[in-house]
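The following exercises concern ligand contacts and sheet architecture. Please examine the sequence and the structure before reading each solution.

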Amino acid sequence: MIQIERPRGTRDFLPDEMEKRRAIERIMRRTAESYGYREVTTPTFEHLNLFTIKSGENIVQEIYAFKDKSGRDLALRPELTAPVMRLFVNECAVMPRPLRFYYFANCFRYENPQKGRYREFWQFGVELIGSDSYLADLEVIVLAYNIMKNLNLDFTLNIGHVGLLRKLLEDVDEARYRKITRMIDKNDIEGLEEYLSSEGFEGYIDRIKDLIGLKGGMEVIEHSREIIPEFDFSHLRNLCEGLEKLEIEYNLDFSIVRGLDYYTGVVFEAFAKRGLGAQNQICGGGSYRLTHLFGGADVPSTGFALGFDRIAEICEMKADSAESILVAYTPGMELEALKISERLRGSGKIVLSDVMERNLKKQLSFANTIGAKYAVIVAENEFKEGKVILRDLEKGEQVLVDISEIRKYF
Ligand code: HAM
């Protein structure tokens, strides 16, 4: 007999873990809903080209792509921004804007599995569609920040703008620009210098290094203006003023280029301060334009995705589980016990009854094993009098109660 293992990079989740994950998910949903975001769901697989058009080399190499039985090229989604933009172009192009969507779904990337990096993982994300105002970026960043705060996470929030590097490298073609940003993304400064020299771009080295070395608050804008005087900083300045007004803690960091290629403006990333090691990026997002590539008009959007699994790993939330009642019975009373169980359900408590045809003693010992708080014992003699025994298993006390009154006790 062979034992079948889980595929590499996937996980199983047992009930304790699932309860915690659902509790975290509830907070994410509630927070997003309180800002007017509404849930959307897209297919688990899409046409491959949805992701190859503009998602960036890294992601494309990591895609789980396959052919279906009719020879179509399909892919398991590596992320949800492109699918949500496809959905928008297909279904929502005429709806009043802005549109506020959120999603919670599994994604698939063929990566080297390690702590915090999986081949199947979950993202909770939002997309705010239809505005290129700094107010849209502000709302989305504040929402991401507040979800993480509501989960009591300890994190830093870094904000950049891909427009700066684009402006600086205006004369560099797309392929070389990508190469340069990949090296910046990997913080490979030596490689970057070598590459720029070999391509005859020595002139950029100092300005790029100065720019990506700038980190801090609003004062960073003044410094970067000296490096790229031709860039219009008003959007970024307005955004920073908004963040300060709303007391959001952040750092400007112009080395953020993001692994996905569709970003056009403000970009941001959040990092957990502890508990995750190298894979500590728990949120990534920014403003982008994708719809015109999917057959729609050019509509600006902004959004983010939280790495749900990384957050679940470090979040110390305890799921509060409901108290349990075991409805036990003496021989022959099992269906009466089931009837009483049905009556007790809906009290907010968990109601269980034995399905192994065990004797009363074993039923009660099982109640202890599962940590049940109460046992309701349906015994033949008492039942004939219209009564059952209600035992508080923690206190070890019991009373005889009328069956007609039993609901009142819970
Ligand atoms: P991303 O940065 O590729 O952005 O992914 C978002 C988050 O997903 C990451 O910050 C990380 O926490 C988590 N993540 C990514 N890959 C893995 C993995 N292999 N295992 C576990 N967690 C992972 C996006 O996907 C964009 N769609 C975000 C966005 C939305 N931008 C605009 N709107």
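**Exercise 1.** Determine which side-chain and backbone atoms approach the ligand, and how far it is buried.

*Solution.* Step 1: a polar side-chain atom of Tyr-262 is placed 3.0 Å from a nitrogen atom of the ligand, a polar contact being a pair of N or O atoms within 3.5 Å. Step 2: Arg-109 brings a polar side-chain atom to 3.0 Å from a ligand oxygen atom, and a backbone N or O atom of Phe-304 lies 3.3 Å from a ligand nitrogen atom. Step 3: the ligand alone exposes 660 Å², of which the protein buries 96% (Shrake-Rupley areas, 1.4 Å probe).

The model is predicted: local features require pLDDT of at least 70 and side-chain atom pairs pLDDT 80 or more, whereas totals for chains, interfaces and linings use all residues. Residues are numbered from 1 along each chain as its sequence is written, and side-chain values use heavy atoms, without hydrogens and water.

**Exercise 2.** Establish the strand order of the open five-stranded sheet and identify its edge strands.

*Solution.* Step 1: the order is S14-S13-S15-S16-S17, with mixed pairing; strands are DSSP runs (E, at least two residues), numbered from the N terminus, and pairing requires at least two bridges. Step 2: S14 (350-353) and S17 (397-402) each pair on one side only, which makes them the edge strands. Step 3: within the sheet, S15 (residues 374-378) and S16 (residues 387-392) are antiparallel over four bridges, and Ala-375 stands opposite Arg-391 in S16.

Terms used: A polar contact is a pair of N or O atoms within 3.5 Å; within protein, one must be able to donate a hydrogen and the other to accept it, and residues adjacent in sequence count only if both atoms are side-chain atoms.
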